Protein chains: 2
Amino acid sequence: MQSYSIKTLLEKGKEVALQEVSIHGWVRSFRSNRFIALNDGSCLKTIQVVVDFDKFDEELIQQITTAASLQVVGEVVESQGKGQEIEIVAKDIKVLGVAASEEVQGTILQPKAHSLEKLREQAHLRFRTNLFGAVMRVRNALMFAIHQYFNELDFVYINTPIITGSDAEGAGEMFHVTNFDLDNLPRTEDGKVDYSQDFFGKATNLTVSGQLEGEAAAMGLGKIYTFGPTFRAENSNTSRHLAEFWMIEPEMAFYNLDQNMDLAEDFLKYVIQYAKDKCPDDLAFLAERYAKEQSQKPADERSELGLMDRLDYVLNNRFIRLSYTEAIDILKNSKPNKKGKFKYPVDGWGVDLQSEHERYLVEKHFKTPVILFDYPQEIKAFYMRLNEDGKTVRAMDVLFPGIGEIIGGSQREERLDVLDERIKQFGIDQEEIWWYRDTRRFGTVPHSGFGLGLERLVLFVTGMGNIRDVIPFPRTPNNAEF
Amino acid sequence: MQSYSIKTLLEKGKEVALQEVSIHGWVRSFRSNRFIALNDGSCLKTIQVVVDFDKFDEELIQQITTAASLQVVGEVVESQGKGQEIEIVAKDIKVLGVAASEEVQGTILQPKAHSLEKLREQAHLRFRTNLFGAVMRVRNALMFAIHQYFNELDFVYINTPIITGSDAEGAGEMFHVTNFDLDNLPRTEDGKVDYSQDFFGKATNLTVSGQLEGEAAAMGLGKIYTFGPTFRAENSNTSRHLAEFWMIEPEMAFYNLDQNMDLAEDFLKYVIQYAKDKCPDDLAFLAERYAKEQSQKPADERSELGLMDRLDYVLNNRFIRLSYTEAIDILKNSKPNKKGKFKYPVDGWGVDLQSEHERYLVEKHFKTPVILFDYPQEIKAFYMRLNEDGKTVRAMDVLFPGIGEIIGGSQREERLDVLDERIKQFGIDQEEIWWYRDTRRFGTVPHSGFGLGLERLVLFVTGMGNIRDVIPFPRTPNNAEF
């Protein structure tokens, strides 16, 4: 007898009618002591198991409660009900694990609406909910698409270090990593902590970006990407920040900024299309949730686009490319700026753009995704390539509707003399990044890359509002549960 | 004009003869001021660029030195030399980045044999060497194969937390993560470090395994796998240990130990076959290096198998499955044991097996990979399922030639009462893993999983001897360079 996942069984549908099959799963509901909705996590849908009350022990029937786990052997038959092609007439049911109703009561397994906060508090159980299951399957599809995309283009996946002795990237506050017993710190003669006695013989931190190491790899392997966890020790308790999140950072030797923009656009379209193709049920479910959530907002805060429209907005439009300078002109002369509607008025060249400005460009002015490039050097990182004008760098930000910046990247400064000047300007210790400078000493080449925060992408594709709801076990200030 | 990677160009071969193409890369050698061997990292091979001395400036020619980077436009022609189908007759050469010969001298970019130690010291440059390039491309192929394998089987890729507040898994010493200024630690009234003021409001560590969280995910999503960095703060300066390494941990609801073994075997064969298919040149190069290394060893330390034979040994044999108890019998009665050749004599049931014992079983006795199962409970972890005999658990270790244990796994204890007994035995705080216990309270199911250290697998497939040579930037005691 064949054992099937519920996903496979439903895909086969009538093809397996009249066959005896074995399935496993958890009870979502048991209606009229006759219809079990069984789910095994392989897909959003449940399969209906029909139980002939007379054929089973009373005791067994009583154990079939919400959240209990079952093994069911039965015959596949065409379904009479609507919304399902097949169902299973149970011949044998084995309760693998019971779930006492009074204990299920206090949990999110109870079949009723639960707040997202409550789901988070029971993050170990939320994998069993429709909502979080759908989010995880979409996240999974996006992650696989990312690997497949780069693999098809002959990029080499590189694991850059998580524990780092350097903090040159300067992307944010870092967590310290130590093997010391904090109650018993070794000290140097002048009373300072003696890091020479720590595990790595020096102070170490958790990485904020693998880019610099990724550049070194690209200088030999040509095209690489990193995909791993990165960290920020920033006390930001917002719906957009995590202390631990996953980042993708491709880096390409011999790519200039235009090629970098081409790649970023192609990449985003590929992975979003992949998720659309692979997760139609999950996305339909999430789109419904999104629509409902939007309908409960005040009219002026509502998104104009539904979830699927938003995905198509990205897929079907060529991204507009616009220099920072042009963007400032548009924003300065825009209606909301003139009418004082921006929280941060745009009054001149050189200011950093806020989310409200980015969203105006994307959602109101162009009505397409936008790639801004050539930013003032003062507001960007030291490794970005200086333009001939001496005041802008070859940075780029990809801006999406509803979410603002989804990708940040640049062409890198490959000229050692210019790089050294910038290193000095930024007050970085040249000695500390001796190896990064080395990559410019031996056959330096033009190269470019970008970074994408995975969870931002998952937020965009799933329509979820809080970044804590798109990662299995979120890490935020005062929260490292599980 | 078409721009090609060297890999693609060589694959196309004569198909593109007489076409004008553009390529980029780094000079590996420049022979007789006429033949440039150019490599761009896309593959092991170089392409030969033929330079007509008379057509280029003396100054330009002088800049074409080892490690310099070039853009070359030229015509593809069929090659006269052996070992290459095509070459390029240069029409235009642009030196993108020079490499001063006197500076290259001290580096591993100089075209001569360098020790592996020296490559490690210049880890930022070793991506440009044939050896490390080959290792990275094979590592990349294995990583993609891992994702593709699980994706084809509908596993959901789950990112378990890196920073954890729990240390229940007990797999080893942990690194501490803190946001404190160590020179200025906040203290409680009784003088202890006040972790309630740390970033997460409690003491946190770097994860040693994502298994427990992975189990929670599998209890909802069915089949999941993790793939991420894990950490050990162990002062082991050996060729087999890293403080930071990448681990793959699949976890399957409704799988018993037999199914777990089936999956592990199928999985290993799949990913090794994939690497063989995708990286023939790199593996041939590595096999040659391996053979040379072996030939320099004393006869009794030499491997009987060449690198490719070793891969076929895994691919072409059904893995023998053997209980720990049977293994002890075989080992007790084995020649090396009777003749006192084992460093650790096998004298009775209950002892942990050493690498010499594992290798005897695999390499001498069975001459196939071996899966040992049903180990004494005392030498395995608390979460493994207790057998009816009350003294063994449903653990399994997959043993490979030359390397010993490559995978460790088990069926998990799904019965809450038995689990609680084991938790008590192991002195683990029940409160701390309340959420793990919860997964057994609500529809518990039989489930299984295993762990594979990525770098161990890369060692096996590449034939490299030191784990520091198969990860971009190794982290070991007193070493967090780059």
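Turn chain B by 180 degrees, with 0.0 Å of shift along the axis, and it lands on chain A with an RMSD of 0.0 Å. That is how a two-fold axis relates its copies. Both copies use the same surface, as 100% of the contact residues of chain B recur in chain A. Keep in mind that this is a predicted model. Which residue of chain B comes closest to the rotation axis? That's B:Val177, whose C-alpha lies 2.4 Å from the axis.

Now for the aromatic rings. Over all chains, the structure holds 61 aromatic pairs. Here are two of them:

| Ring pair | Distance between centres | Angle between planes | Kind |
|---|---|---|---|
| A:Tyr149 and A:Phe150 | 5.4 Å | 75 degrees | edge-to-face |
| A:Phe473 and B:Trp435 | 6.3 Å | 50 degrees | tilted |

In the edge-to-face pair, A:Tyr149 and A:Phe150 are both buried.

The tilted pair joins two chains, because A:Phe473 sits in the segment after helix H15 (454-462) of chain A, while B:Trp435 belongs to helix H14 (residues 434-438) of chain B. Are these two rings buried or exposed? A:Phe473 is buried, at 2% relative accessibility, and B:Trp435 is buried too, with a relative accessible area of 1%.

Both rings also belong to a cluster linked by ring pairs. Its members from chain A include A:Phe127, A:Phe132 and A:Phe482, and among those from chain B are B:Phe382, B:Tyr383 and B:Phe426.

Some rings have a charged residue over the face. A:Lys391 lies over A:Trp349, 4.5 Å from the ring centre. In chain B, B:Arg126 lies over the face of B:Phe132, at 4.0 Å from the ring centre.

Notes. Residues numbered from 1 in each chain as written. Chains lettered and ligands numbered in written order. Predicted model: local features only at pLDDT ≥ 70, side-chain atom pairs only at ≥ 80, totals over all residues. Heavy atoms only, no water. Least-squares fit on C-alpha atoms with pLDDT ≥ 70 in both. Contact = heavy atoms within 4.5 Å. Phe/Tyr/Trp six-rings, centres within 6.5 Å; stacked < 30°, edge-to-face > 60°. Buried < 20%, exposed > 50% of the residue type's maximum accessible area, 1.4 Å probe, protein only. Helix = DSSP H or I, 4+ residues; strand = E, 2+ residues; numbered from the N terminus. Lys NZ or Arg CZ within 6 Å of the ring centre and 35° of its normal.
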